[in-house]
Amino acid sequence: MGVPLAVVPIFGDQPGNADNVAKSGPGVSYRHPLRTLSASGLRAVLREMVSDSGSNRYRAGALELSRKLKEAEGVRAAVDSILELAP
């Protein structure tokens, strides 16, 4: 949907998913939230994410990832791939 993400992972696969969001550009990961997350830090990131500035790297990253998912046929292609592997 082209929406930037601020990810606060707690358990399971969430930390890895959060890292992938940060690595691919559409958002930020607070992988260790008790050490890295603060109200002021989150406020600053969210302000940057909703900024209409042409240099909004989070929005640009989210739009680019959205474009790539659409080109790859997104969910439909993922489901088809999984069904091909299922017994």
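1. Let us start with Ser66, which sits in helix 4, the stretch covering residues 57-71. This is a predicted model, so please read every value below as computed from it. Ser66 has a relative accessibility of 12%, and it counts as buried because the cut-off for that label is under 20%.

2. What does Ser66 touch, once residues up to four places away in sequence are set aside? Its partners are Met1 and Gly2. Val7 makes a useful second landmark: Ser66 and Val7 are 59 residues apart along the chain, and their C-alpha atoms are separated by 17 Å.

3. Now move to Ala44, a residue of helix 3, which runs over residues 39-50. Is Ala44 buried or exposed? The answer falls in between: with a relative accessible area of 45%, Ala44 is partly exposed, because that label covers values between 20% and 50%. From Ala44 to Tyr30 there are 14 residues in sequence and 14 Å in space, taken from C-alpha to C-alpha.

4. Helix 5 deserves a look of its own. It takes in residues 74-85, and its 12 residues should span 16 Å at 1.5 Å a residue. The C-alpha atoms at its two ends are 17 Å apart, so the model agrees with that expectation. How many of the 12 residues of helix 5 are buried? The count is zero, and the helix is hardly covered.

5. With those places in mind, the overall layout is easy to follow. The protein has five helices and two strands. Starting at the N terminus, the order of the elements is β-α-β-α-α-α-α.

6. How does the protein compare with a compact globule of 87 residues? Such a globule would have a radius of gyration near 12 Å, whereas the protein has 15 Å. Along the principal axes, the C-alpha atoms fill a box of roughly 50 × 35 × 15 Å.

7. A few totals round out the picture. Of the 87 residues, 22% are buried. The accessible surface comes to about 6,400 Å², and carbon and sulfur atoms account for 60% of that area. If you take the contacts between residues at least 6 apart in sequence, 38% of them join residues at least 24 apart.

8. Finally, a word on charge. The protein carries 11 positive and 9 negative charges, and the mean positions of these two groups are 10 Å apart.

Technical notes. Residues numbered from 1 in each chain as written. Predicted model: local features only at pLDDT ≥ 70, side-chain atom pairs only at ≥ 80, totals over all residues. Heavy atoms only, no water. Helix = DSSP H or I, 4+ residues; strand = E, 2+ residues; numbered from the N terminus. Rg over C-alpha atoms; globule rule 2.2 N^0.38 Å. Buried < 20%, exposed > 50% of the residue type's maximum accessible area, 1.4 Å probe, protein only. Contact = heavy atoms within 4.5 Å. Areas by Shrake-Rupley, 256 points an atom, 1.4 Å probe, with all protein chains shown as cover. Lys, Arg positive; Asp, Glu negative; His and termini not counted. Charge placed at Lys NZ, Arg CZ, Asp CG, Glu CD. Expected span 1.5 Å × (residues − 1).
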